[in-house]
Every structure is written in structure tokens, then in C-alpha cells.
Amino acid sequence: MNHWRGARFIPSQNSSASGGRRRRRKKERCQSESKTQEKEVEEKEEGLGKERKETIPIVSCQTMCPAQELWDRESQKRLHRFEMVPGTEKFRKPRGDPLRAVKEYSRPAAGKDVTKPSDLRPPDVLLKTVCYLIDEIAGSPCLHPWTEVYSFVFDRLRSVKQDMIIQRLSGKDCVAILEQTVRFHIYASYRLCGEPLRIYDPRINDTHLQEYLSWLFDCYKSGSGPYANQVEFQTLGLLYNLGSSPATQHVLELPERLRQTPSVKLAVAINQAFLAGNPVRLLRLAQRLDFLQACALHRHLVTCRRHLLLIYSHGYNSRNCRFPLDRLAQLLSLETSLTAELCQVYGIEVNQHNQVLFSKSTFTEPEQGELDCKLYHNVVSEKQRGLTVKSIIHNCS
């Protein structure tokens, strides 16, 4: 008797449960993949919609500092002393002055919305903010030390830049803001030269200045113009970036009407002297620069003077040769006493008769910190002639 005839296969309880679990997992996986795809599509659509909306963000903040930020920083005791209501600085919780507080720079962070309309300032408010920072903070004769002034203005200008980028700001308001910002950074590069790195880092200042310059030149190129100060900033850009191939090429590609202006021609001549290794001609031409132009050039003066002394140490390398110290002072655009000090720094002998004894064998490079650049700024400082910071940055000289 065949016990298997007509018998049906009845799976065991374990086999049935295992198959059910597989089917459920497959179904759940399909549903999960479907939901994920739907979510990705929704996110893309939301992102595209958000991008369209943010093409021209709607801005509504009419004060230099958003009200919510002012309240937050006041409650967290994060107000700068320049932003406090006068007389409350020593209070347990100093009060913020809405007329003095300025939106601080905030690094973009995950989950933080930097495009809130209530936090974004329109172009006219941004320009008003920059003017306030220059007139009432950077240009104030009462606020000290200037390193703290610089730190405050630097941070608040970064915040202005952040608002400008989010709004994709362009046009004459953008140019006006960038021009004042560039002047501020060029002036700061001169005024704070030699300060300790913990207080002022010239590389950070340079990085931001180069970005502002590049943005400004793009505005000049793409804008409708005309721009009254374009010649000034093309000149400053070349003097600040003396010897730079991109800066030289940029000026050579300017329209003829700009290249033939006296200040641009002077900057080009100085740049050519620098590239040709002719420090005597460079320093002579530098006498014709105005104060801010000299500020832009000043960071190259140490290199220029070193090169001059090195050339003369080889050219006048003779036991019997004596070079007049006062004549060397004229060539270096320095006072006689400072010229003698500079010679000593580079190992060049100056005898009791104020004669320089050049020798290529004794020429030495100064050790780090031995050469104080500030001591040799007179070629720049003489041009200031009582100009205020406000007039310098607003170009009212």
C-alpha cells in the first residue's frame, strides 16, 4: 500500500513562518525603497522651489542688527562694548543699543537658516551700516586701541559681505560697499603692520582684501557703469599686488581710457621697475603716490630696500670705496639715522664719517623679528599730513 498516493505536501510550521518572514521583508523593502524614492523626489522639488525663491531673497531687516539677534546677544552677554548703551557697560547684564549694535558674522552651520527675511538687510541698510562702521567706529578718535577697532569692524564687514552674497547683490550699491571695504583693509594693512599675530594677522587681512578686490573688479567689468572711482581701485590693486602676473595682466587688459590715466600709468611704471629689479627707480616713483596708494605699496618696501642694499653691496664691493650715507638715505627714501640703522641690520658698516662701506661678504639677512618694518614707514606716514581715517576711507582727501 502506497502511503504517498494522493498525499498533499503540508509544509512544517517552521518553513511556513520562514517563508512569511521573507515575503514580509521583501514587501517592507519595496515599500521602503518606494518611500525613499518619493522622499528624494519631494526633496529635489522642494530644493528647486527653494532655489527659485532664493534667487531674489525677500529682505525685511531695517536695522543694522536684527532685533532677535540683539536680544539673544544681550541675554547671553555677548555684546561688544561698542554696542552697549553708554553707562551700562559695567552692569551685570549690559544693555544693547539698537542704534549702535551691528549684526555679527555667523559661520554657516547645519540646521541654521541664514536666509530668514527678518535677518537680512537690504542694500541701503547695508550701505548705511558700512558708513556707520567707518564714521563712528574706525574713524572715531575716541575708541582705542585701534587693534580692537579693527577686529570689530573686520567682523561686522564680514557679516555685511554674507548678506550681500545671500542676496546676490550687484550694481552701484554693491560697488559703493566694496570700495569702502577695500580702502579700510588697505589702510589697516599699513596701520597694523608689525602688530603681534595674536592681535592682527596680515595674511587673514590679505585674504579678505583680495576677495573684495576681485569682487569689485568683477562688478566694474559686468556692471553698466560708469564708476567714478574705478581708476583709483585699478591703481590700488596693482600697487598692492606688485609683481603679480595676474594683476599685471588684468591692468594690461583694461580699456585704453583707463590705462592712460596718470595714476594707472604711474602704478604700471612702478610695477615695471619692480619686475626689472630696479629699486632706485621704484622708490623714486613712489614719492609721487598719494597716502592710500603708498599704504597699498608699503608691504613691498622692505623687499625693495633689501634689494637695493644687496645690489650696492656687490656693485661697490671695494676696500677703498666709500659711499655717502646721506646719498644712500635719499635713494632709500629714509632719514639718515634710519638708513644707518638699516645698514647695521644687514651687516653693512657705516664709519664715524657717515660713510657706507659696502661689502658683499658681510651682507647678512636679519633674523626674524630683528627688522621692525614700522620704523621705516616714513615714506608713507609723511603723506598722511593730518588726514583722518574717515576722510581716507571715504576718499575725501
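Start by selecting Arg385, in the loop between helix H16 (378–381) and H17. This is a predicted model, and here the backbone does something worth a look. Most residues other than glycine have a negative phi, and most peptide bonds are trans. Arg385 is not a glycine, yet its phi is positive, at about 45 degrees. Is Arg385 buried or exposed? Its relative accessible area is 70%, so Arg385 is exposed.

Now jump to Lys77. You'll find Lys77 in the loop between helix H2 (67–75) and H3. Lys77 is another residue that is not a glycine but has a positive phi, this one about 55 degrees.

**Zoom out for a moment**

Show the whole chain as a cartoon. You're looking at 17 helices and 3 strands. Of the 397 residues in the chain, 44% count as buried. If you consider contacts with a separation of 6 or more, 71% of them are between residues 24 or more positions apart. Several of the stops below show residues like that.

**Helix H3 and what follows**

Select residues 123–138, which make up helix H3. Try a quick check on the helix with the distance tool. At 1.5 Å a residue, the 16 residues of H3 should span 22 Å, and the C-alpha atoms at the ends are 21 Å apart, which agrees.

Next, show side chains on the buried residues of H3: Val125, Leu126, Thr129, Val130, Tyr132, Leu133, Ile134, Ile137 and Ala138. Which helices do these buried residues pack against? Colour helix H4 (146–167), helix H5 (172–191) and helix H17 (389–393), and you have the answer.

Slide along to the loop between H3 and H4, where Pro145 sits. Look at the peptide bond joining His144 and Pro145: it is cis, with omega at about -10 degrees.

Carry on into helix H4 and pick Asp163. With a relative accessible area of 1%, Asp163 is buried. What does Asp163 contact once neighbours within four places in sequence are left aside? The partners are Lys103, Asp119, Leu120, Arg121 and Leu126. You've already met one of them, since Leu126 is among the buried residues of H3.

**Helix H6**

Select residues 202–222 for helix H6, then highlight Leu213 inside it. Leu213 counts as buried, at 3% relative accessibility. Draw a line from the C-alpha of Leu213 to the C-alpha of Leu178: these residues are 35 apart along the chain, and the line should read 7.8 Å. Not counting residues up to four places away in sequence, Leu213 touches Val182, Phe233, Gly237 and Asn241.

**A pair of helices**

Two packed helices are described by the angle between their axes and the distance between the axes. For your next stop, select helix H7 (residues 230–240) and helix H10 (residues 262–275). Their axes are 9 Å apart and meet at an angle of about 10 degrees. That makes H7 roughly parallel to H10.

Turn on side chains to see who meets whom. H7 brings Val231, Gln234, Thr235, Leu238 and Leu239, while H10 brings Ser263, Val264, Ala267, Val268, Ile270 and Asn271. How many residues of this contact are nonpolar, polar and charged? There are 7 nonpolar, 4 polar and no charged residues.

**Cysteines**

Select the cysteines next. How many disulfides does the structure hold? The count is 0. Cys142 is exposed, with a relative accessible area of 63%, whereas Cys304 counts as buried at 5% relative accessibility.

Then centre on Cys321, in the loop between helix H13 (301–315) and strand S1 (323–324). Leaving aside its neighbours within four places in sequence, Cys321 is in contact with Tyr316, Val356 and Leu357. The C-alpha atoms of Cys321 and Leu357 are separated by 6.7 Å, although the two residues are 36 apart along the chain.

**Last stop: Leu338**

Finish in helix H15 (residues 336–345), where you'll find Leu338. Leu338 counts as buried, at 11% relative accessibility. Leaving aside neighbours within four places in sequence, Leu338 is in contact with Leu375, Tyr376 and Asn378. Measure one of those pairs, Leu338 and Tyr376: they are 38 residues apart in sequence, and 7.2 Å apart in space from C-alpha to C-alpha.

Technical notes. Residues are numbered from 1 along each chain as its sequence is written. This is a predicted model: local features need pLDDT of at least 70, side-chain atom pairs count only at pLDDT 80 or more; totals for chains, interfaces and linings use all residues. Side-chain values use heavy atoms; hydrogens and water are left out. Helices (H or I, at least four residues) and strands (E, at least two) are DSSP runs, numbered from the N terminus. The expected span of a helix is 1.5 Å times one less than its number of residues. Buried means under 20% relative accessible area, exposed over 50%, partly exposed in between (1.4 Å probe, protein chains only). Contact means heavy atoms within 4.5 Å. Axes are lines fitted to C-alpha atoms, for helices over the stretch in contact, and angles run from 0 to 180 degrees between N-to-C directions. Angles under 35 degrees count as roughly parallel, over 145 as roughly antiparallel, 65 to 115 as roughly perpendicular and the rest as oblique. Ala, Val, Leu, Ile, Met, Phe, Trp, Tyr, Cys and Pro count as nonpolar, Asp, Glu, Lys and Arg as charged, and the others, Gly among them, as polar. A disulfide is a pair of cysteine sulfur atoms within 2.5 Å.
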